[in-house]
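Thanks for opening this one up with me. Please take a moment to turn the structure around before reading on.

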Amino acid sequence: KTSPPSRPPESELSRALHFASEFPRVTANLHRHLEGLKSQGKRMALFGAGHLAVEFLSLHGLADYFECVIDDNPYKEGMLLPGSRLPIKCSKALIDDQIHTCLLSLNPESEEKVIQKNASFTKSGGHFLSIFPSSERYFAH
């Protein structure tokens with residue numbers, strides 16, 4: 001049995017310190033972009049009622065920008081997303097609730113599948129963007 005090092009590798013420590021130092025700037029940037037969309041009268045939803053959505057909204061304080069969270073898991077529909085009190089609705093709400101912009105909080109590898117499944121939303125003028133900087137659809141460049 002091996003025991004973990006008494007101290008994290010220098011690269012991990014450096015990465016954690018960088019994350020912490022950049023967090024306020026990243027949060028301000030996210031608020032600025034979402035406020036810009038909201039000020040244009042855009043109604044927004046977040047797709048995916050999982051831990052990534054909860055973290056994104058809670059850690060950055062973003063819940064007030066969104067109308068609802070979209071998730072097609074029938075066991076989640078009608079519930080409220082923890083920490084945000086946003087209602088969880090099925091993808092039909094993208095059109096029914098006149099959502100203009102839907103941010104994807106899914107693994108970027110799953111984004112295309114969700115977009116294809118919700119072609120009626122994009123055909124009606126809706127836009128899918130991503131909360132992940134690694135996605136080509138990232139909304140806060």
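The numbered points below go from the overall picture to single residues.

1. Let's start with the whole chain. This is a predicted model, and the protein has 141 residues, of which 38% are buried. Its C-alpha trace spans about 55 × 35 × 30 Å along the principal axes. The accessible surface comes to about 8700 Å², and carbon and sulfur atoms account for 56% of that surface.

2. Next, the order of the elements. You should find five helices and five strands. Read from the N terminus, they follow the pattern α-β-α-β-β-α-β-α-α-β. If you take the contacts between residues at least 6 apart in sequence, 57% of them join residues at least 24 apart.

3. Now look at the sheet. The five strands form an open sheet with parallel pairing, in the order β3-β2-β1-β4-β5. Which strands stand at the edges? They are β3 (88-89) and β5 (127-130); each has a single partner strand, so one side of each is left without a neighbour in the sheet. As a reminder, strands of a sheet pair through backbone hydrogen bonds, either parallel or antiparallel.

4. One pairing is worth a visit. Strand β2 (residues 68-70) runs parallel to β3, and two bridges join them. To find the place, look for V69, which stands opposite I88 in β3.

5. Helix α1 (residues 10-39) deserves some time. With 30 residues at 1.5 Å a residue, α1 should span 44 Å, and this agrees with the 43 Å between its end C-alpha atoms. Follow the helix to F23, where α1 bends by about 45°; a proline, P24, comes within four residues after that point. Just past the end of α1, G41 has a positive phi of about 80°.

6. What does α1 pack against? Its buried residues are T27, N29, L30, L34 and L37. These buried residues pack against β1 (44-47), α2 (51-60) and β4 (101-104).

7. This leads us into the interior. The largest nonpolar core has 23 residues, and L34, L46, F56 and F66 are those with the most contacts inside it. At least two residues of this core come from each of α1, β1 and α2. A second, separate core has 14 residues, including A45, F47, C68 and V114.

8. F66 makes a good viewpoint for looking around. Setting aside neighbours within four places in sequence, F66 is in contact with L34, M44, A45, L46, F56, L57, L86 and L103. Among these partners, L34 is one of the buried residues of α1, and both L46 and F56 are listed with F66 for the most contacts inside the largest core.

9. Finally, two backbone details that you might otherwise pass over. Most residues other than glycine have a negative phi. R85, although not a glycine, has a positive phi of about 65°, and Q98, also not a glycine, has a positive phi of about 55°. Where do they lie? R85 is in the loop between β2 and β3, while Q98 is in the loop between α3 (93-96) and β4. Are they buried or exposed? R85 is exposed, because its relative accessible area of 63% is over the 50% cut-off. Q98 is exposed for a like reason, with a relative accessible area of 62%.

Definitions and conventions. Residues numbered from 1 in each chain as written. Predicted model: local features only at pLDDT ≥ 70, side-chain atom pairs only at ≥ 80, totals over all residues. Heavy atoms only, no water. Pairing = 2+ DSSP bridges. Expected span 1.5 Å × (residues − 1). Bend = angle between axes of the 7 residues up to and from the residue. Buried < 20%, exposed > 50% of the residue type's maximum accessible area, 1.4 Å probe, protein only. Contact = heavy atoms within 4.5 Å. Core = buried A, V, L, I, M, F, W, Y, C linked by side-chain atoms within 4.5 Å. Areas by Shrake-Rupley, 256 points an atom, 1.4 Å probe, with all protein chains shown as cover.
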